[in-house]
Amino acid sequence: KDLARTCAGQSESYEKLLKRRQQEVRHLQESVKFLQATDEMSNTVGKLQYRLLLSQWEKGNLQRQLQAAVADLREARRDVLDNEEQVEQERQQHDETEEQLQQQLLLLKAKTVKLQDETSAAMPIDKARQLTSRLEEISSRKMELEERLSKVRLELLRNQAETDECRLKAQQAQEL
């Protein structure tokens with residue numbers, strides 16, 4: 001969502017920039033026409049001024065593009081850091097939950113063994129089914145958490161790839 005907003009913002013700023021550039025070009029063309037309307041000396045001066053204005057315009061345009069690229073890079077870095085923090089928090093939560101479930105599983109196994117020893121063959125069928133269903137619930141919860149961990153790791157890999165891509169773009173922007 002942030003990336004879509006960023007792209008939309010860039011699109012709007014580029015459209016505004018394009019309109020400004022078109023106005024600047026028209027202004028430059030009018031200035032050149034005015035300067036070329038005089039004698040040959042003024043014509044030469046006009047051409048030189050036109051080149052100067054054009055080069056200044058190009059310089060300004062390139063600086064604005066560089067600033068926009070740097071701003072995009074900074075925003076992308078912030079997004080990546082936010083995503084990495086979120087992934088790390090989710091990973092910690094998953095680890096804590098998994099540890100708790102492991103402890104519960106061990107306790108339940110110990111209780112099961114104890115109950116088996118106490119009741120041997122006298123355990124009611126309902127109680128055995130209840131314990132079995134509880135154990136199955138815990139197992140299914142563990143599987144869900146493992147799947148969630150896999151998804152979080154996949155998202156982390158995507159974020160790392162996006163970070164590498166942003167770094168490459170930043171390096172290309174700096175080379176410009």
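## Surface and charge

Accessible areas here come from the Shrake-Rupley method with a 1.4 Å probe. On that basis, this predicted model has a chain with an accessible surface of about 14000 Å². Carbon and sulfur atoms hold 52% of that area. As for burial, 16% of the chain's 176 residues count as buried.

On the charge side, there are 30 positive side chains and 33 negative ones. Take the centre of each set, and the two points sit 4 Å apart.

## Overall build

What does the secondary structure come to? Three helices and zero strands. Going along the sequence, that gives the pattern α-α-α. The radius of gyration is 34 Å, whereas the globule rule gives 16 Å for 176 residues, so the chain is more spread out than a compact globule. Put a box around the C-alpha atoms along the principal axes and you get roughly 120 × 25 × 15 Å.

How are the contacts spread along the sequence? If you take those with a separation of 6 or more, 82% are between residues 24 or more positions apart.

## Thr6, on helix α1

Start with helix α1, which covers residues 2-36. Thr6 sits in this helix, and the residue counts as buried because its relative accessibility is 15%, against a cut-off of under 20%.

So who does Thr6 touch, once neighbours within four places in sequence are set aside? The partners are Asp72 and Glu75. With Glu75 there's also a polar contact, side chain to side chain, at 2.4 Å.

## Phe34, on the same helix

Phe34 is another residue of helix α1. Is it buried or exposed? With 63% relative accessibility, Phe34 counts as exposed, the cut-off for that label being over 50%.

For a sense of the local path of the chain, look at Phe34 and Gly46 together. They're twelve residues apart along the chain, and their C-alpha atoms are separated by 8.3 Å.

## Ser55, on helix α2

Moving on to helix α2, Ser55 is one of its residues. At 36% relative accessibility, Ser55 counts as partly exposed. Its side chain has a polar atom 2.8 Å from the backbone oxygen of Leu52.

Ser55 also makes a handy marker for distance through the model. Between Ser55 and Arg153 there are 49 Å, C-alpha to C-alpha, for a separation of 98 residues in sequence.

## His94, on helix α2

Helix α2 runs over residues 40-119, and His94 is found there too. This residue has just 5% relative accessibility, so His94 counts as buried.

Which residues does His94 touch, not counting those up to four places away in sequence? The list is Leu145, Glu146 and Leu149. Leu145 shows up in a polar pairing as well: its backbone oxygen lies 2.6 Å from a polar atom of the His94 side chain.

## Pulling it together

Two of the residues covered above, Thr6 and His94, count as buried. Thr6 pairs side chain to side chain with Glu75, while the side chain of His94 has a backbone oxygen as its partner, that of Leu145. Phe34, by contrast, counts as exposed, and Ser55 as partly exposed. Around these residues is a chain of three helices, in a box of roughly 120 × 25 × 15 Å.

Technical notes: Residues numbered from 1 in each chain as written. Predicted model: local features only at pLDDT ≥ 70, side-chain atom pairs only at ≥ 80, totals over all residues. Heavy atoms only, no water. Helix = DSSP H or I, 4+ residues; strand = E, 2+ residues; numbered from the N terminus. Rg over C-alpha atoms; globule rule 2.2 N^0.38 Å. Buried < 20%, exposed > 50% of the residue type's maximum accessible area, 1.4 Å probe, protein only. Contact = heavy atoms within 4.5 Å. Lys, Arg positive; Asp, Glu negative; His and termini not counted. Charge placed at Lys NZ, Arg CZ, Asp CG, Glu CD. Polar contact = N/O pair within 3.5 Å; in protein donor to acceptor, adjacent residues only side chain to side chain.
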